[in-house]
Amino acid sequence: MDSITLIRPDDWHIHLRDNLALETTVPAAARCFDRGIVMPNLTPPVTTVSRASAYRERILAHTPYGSNWQPLMVLYLTDNTSPKEIHAAAESGFIYGCKYYPAGATTNSDSGVTDLTKMDAVFEAMQSVGMVLQMHGEVTSDDVDIFDREAVFIERHLRPLVAKFPDLKIVLEHITTQQGAEFVLNASDNIGATITPQHLLYNRNHMLVGGIRPHLFCLPILKRDVHQQALIKAAVSGNQKIFLGTDSAPHTQDAKESSCGCAGCFSHHAAIEMYAEVFDQAGAMDKLEAFASTNGCDFYGLPRNNSTILLRREPWKIQAAVPYEDTQLIPLGAGTTLNWMLVE
Ligand SMILES: [Zn+2]
C-alpha cells in the first residue's frame, strides 16, 4: 500500500495555549484535523461557560482562511464547579466535556480537584445531560511512584467512580499503560480512551538511555516497552472505544531544556503521519481510519466529517524547530524521518 485516503480525522485532546501561542497552534491543528477537543488548563483555567466562550473566540480568530476546523470547548473542573454550570455548559452548544485534573498532576493543574468523592453532584449532573468527563488518570500522592500513578488511579479512583456512575461517559485521556488499555477495553461502551503518538512511538528507554531527552518528557510519563506494546495493540485493534488524542502540548525550547523542564510534547506538525507510521509498522493501516476519524466522533455522538485526507508513502524529515510565541519549540521527533506524508 503506497497511499491511503481517510475521512478527515479529529483530535480528541489538544492544548492550544493562549494569545501569541494561538498563531502556531491553531493553524497546526487545522492542518489535518477538522475538530479538536480543547483542553482548558490556561492560567486562570477555563472554569465557566463565559470563559470558554471568550477563549473560543480568541481561538477562532486564528483559524486559517478557508478552514473548517472547529474548537470543541471543555470546562476545567475544580472543587467549586456547580451542577448549575454543567447544565449551562450542556445548553451552550459549544462545550463538549469537562476535564478532571487531580490537583498538581500536570501543567497548570493547581486548581484541579482535590477529592473526587466530593464531586458527586457534578458527576450526577454530567451523567444526566450526557456530558463527557475527560480524565487525567493519575494519582498525585507522594507515596506513589511516578511510573505507577496511572495504574493506581484506576484501582483507587476510577473503578469506584464507574461503579457509582455507570452511565457517565468517561474518556480516560492519554492512556500510557497496559492496565489503562485493559481497563478501557473491558469496560462498558460509555468508557473510552485516547492515545498519543509519543506513547505509541516511544518508551522510557527512548527518553533516558544514552542521555536525557527533555522533548520526550510528558505526563503521564513514558512507560516500559511492555506498556508501549499494549497501547499499540489497543490502538490498532479497531475497537470503537479507542481513539486519537494527540495531547499536543507546546512549550518553548527554553522551558523544556531546563534544570526543571516542563512536561508536554508538541506533535501537530506531523501527528497523523506519526500515527500512520505506527499502524503501518503493525500491519494495520486498514484500522487507521477507525482510530483517527470515526471512533472519536461516534463516541462523542457527533457526525463524521465529510471531507477526506490523502497520505502517501514518501519519506520526509521532521523540521528541527517550529516558531512559537516570540521564540521557538522543538517538535516531537525533530530531525527524524517519517515514511508517510500528508499530501492533501
Ligand atoms: Zn493533555
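**Reading a predicted model: an enclosed helix, a sheet and a core**

Seven of the nine residues of helix α1 (residues 22–30) are buried, so this helix is largely enclosed by the rest of the structure. The model discussed here is predicted.

User: Which residues of α1 are buried?

Analyst: A residue is counted as buried if 20 or more other C-beta atoms lie within 10 Å of its own. In α1, L22, T24, T25, V26, A28, A29 and A30 are buried.

User: Against which elements do the buried residues of α1 pack?

Analyst: They pack against strands β2, β3 (35–38) and β11 (322–324), and against helix α2 (49–60).

User: How should the sheet be read, and what is the order of its strands?

Analyst: Strands of a sheet pair through backbone hydrogen bonds, in either a parallel or an antiparallel manner. Here eight strands form an open sheet with parallel pairing, in the order β2-β3-β4-β5-β6-β7-β8-β9. At its edges lie β2 (11–14) and β9 (242–244), each of which pairs on one side only. On average, neighbouring strands of this sheet are turned by 30° against each other, direction ignored.

User: How many bridges join β8 to β9?

Analyst: Strand β8 (residues 191–195) runs parallel to β9 and is joined to it by three bridges. A193 stands opposite I242 in β9.

User: Which residues have the most contacts inside the largest nonpolar core?

Analyst: This core has 98 residues, and those with the most contacts inside it are V38, V74, L75, L231, A235 and Y275. Helix α11 (residues 271–281) gives the most to the core, with seven residues. Leaving aside residues up to four places away in sequence, L75 touches P40, V46, T47, A52, E85, A89, I95 and C98.

Definitions and conventions
Residues are numbered from 1 along each chain as its sequence is written. This is a predicted model: local features need pLDDT of at least 70, side-chain atom pairs count only at pLDDT 80 or more; totals for chains, interfaces and linings use all residues. Two strands pair if DSSP finds at least two bridges between them. Helices (H or I, at least four residues) and strands (E, at least two) are DSSP runs, numbered from the N terminus. Axes are lines fitted to C-alpha atoms, for helices over the stretch in contact, and angles run from 0 to 180 degrees between N-to-C directions. A nonpolar core is a set of buried Ala, Val, Leu, Ile, Met, Phe, Trp, Tyr and Cys residues joined through C-beta atoms within 7 Å. A residue is buried if 20 or more other C-beta atoms lie within 10 Å of its own, exposed if 12 or fewer, and partly exposed in between; C-beta atoms are placed from the backbone. Two residues are in contact if their C-beta atoms, placed from the backbone, lie within 7 Å.
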